[in-house]
Amino acid sequence: MFTILLVSVTLLPKKQTGAIGLMTQQKTFIAGTKITLDFKVNSSNRPKLFLIHSLGKTLLDGTVKNDKLTFTLPENYAKKSGRIDWFLVVNGENKLQGNFQILPNNDTKTGIENYLGPPSTLVGDGHFVMYVTIPTDDFDNPKPENTPVIFKTQFLNAITAQTVKTKDLIAWKIVNAPTKSGIVLLSAQCNATITKEFDAVIFPGIATNFIISFTRNHQFADGNQITTLKTAVIKDKFGNVVSDGTMVSFVIFTTNNMVLKSFGTTIDGVATAQILHPDHQDVYTAKAYVAGIAESNSIVINYKPINPKIEFEFSKDNRTIIVGPLRSFMNQLVPDGIKVTLKVYHHNQLVANLQEDSVKGNAVFTISSEYYKEKKYSFEISTLGSIQKIEEKNYDSN
């Protein structure tokens, strides 16, 4: 007798593994073109693509067709050159990762960003300006390394051209300052694009020592006329006329070592200043300075005395003294404003030193009884280098 054992076996379907693979093998793309990444998928889950770009980070949804998952970069991402890192994410888990490069689009119009600095400098002595350019494509992406840029410069009668290749995104040119002042013109060209004209102003250098002179209408110490001090053309060490507005200080020493100062600024390299004639005989020694930089020779200016005859008269009560008419070197009346000094003495002791300005050749002094109460006073009048002493006047009846 045989026993038959029947066994029932149930076959289960094989579990799907959801294999994912990158189909796009291209590692570089051109800016401004459509950029897509294709993946082979076999999964019920829909992966997302996480991007890290110079513009920021973003998460993309793709489209699936026939087990092919396609991601398309946003237009603003696709226009900017640089490296993009991508991560394929399923349910928060990173399944695949990679990167690719977006290159500048050389088929678009070239743009040039350019800078000049400093915009001005001094002549020679290692001074320079730097002209920097950044050639770009139409999407403002810097051109690739070693892109040629033609720099042109013009100064006086010379025009030069030099080709420089970009490095670290830029191309630049050092323009050494010439030894002549003026304006250097600069421009650049990349492909068919030409920049506008830039101006680099080359200023004269600092002043060197110089010569001064003086002019005047006459040499008399009349306290009225003007002596004009003037520099020769002030230049730098390369022979350039110094910049307009350079300050020049004129320092004058009198015979009594009093210090007078006058100032002028240069126009076409020449500075002038004026000083008033003294009202007495004197010798002025003048020298000029560009502060801390340059100095002039010393010149001596002699002023002859007028020594006019001093006429005067007293009022009936001796309380008013009229000095004048005062006459100058041609016997003409002295100008208004000439200083006249009256010293008042009592028993040879100075009690007052009065001063008035001439008007129509005369100066008037008042000896007020309110302040001058003594019975006798003597006087001394001085003006334009002349001195006149007056004997005691009696005031006891006033």
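## Charged pairs and the largest pocket

Lys95 is partly exposed, with 40% relative accessible area, in a structure that is a predicted model. The side chain of Lys95 meets that of Glu93 in a salt bridge, with 3.5 Å from N to O, and Glu93 is likewise partly exposed, its relative accessible area being 46%.

Side chains of opposite charge can pair when their charged atoms come close. Across the whole structure, a search finds seven salt bridges, and the table sets out three pairs, including the one just described.

| Salt bridge | Closest N and O atoms |
|---|---|
| Lys48 and Asp61 | 2.2 Å |
| Lys79 and Glu75 | 3.2 Å |
| Glu93 and Lys95 | 3.5 Å |

The salt bridge between Lys48 and Asp61 links distant parts of the chain, since Lys48 belongs to strand 4 (residues 48-53) and Asp61 to strand 5 (residues 56-61), the two residues being 13 residues apart. Lys48 counts as partly exposed at 33% relative accessibility, whereas Asp61, at 57%, counts as exposed. In the pair formed by Lys79 and Glu75, Lys79 is partly exposed with a relative accessible area of 29%, while Glu75 has 55% and is exposed.

Turning to empty space, the largest pocket has a volume of about 280 Å³ and is lined by 16 residues, of which Leu276, His277, Pro278, Asp279 and Tyr284 lie nearest its centre. Strand 23 (272-276) and strand 24 (282-290) each contribute at least two residues to this lining, which by class comprises seven nonpolar, six polar and three charged residues.

Terms used. Residues numbered from 1 in each chain as written. Predicted model: local features only at pLDDT ≥ 70, side-chain atom pairs only at ≥ 80, totals over all residues. Heavy atoms only, no water. 1 Å grid on protein atoms, 1.4 Å probe; cavity = no way out; pocket = protein on both sides within 12 Å on 5 of 7 lines; lining within 4 Å. Points joined across faces, edges and corners; volume = space filled by probe spheres on them. Helix = DSSP H or I, 4+ residues; strand = E, 2+ residues; numbered from the N terminus. Nonpolar A, V, L, I, M, F, W, Y, C, P; charged D, E, K, R; others polar. Salt bridge = Lys/Arg side-chain N within 4 Å of Asp/Glu carboxyl O. Buried < 20%, exposed > 50% of the residue type's maximum accessible area, 1.4 Å probe, protein only.
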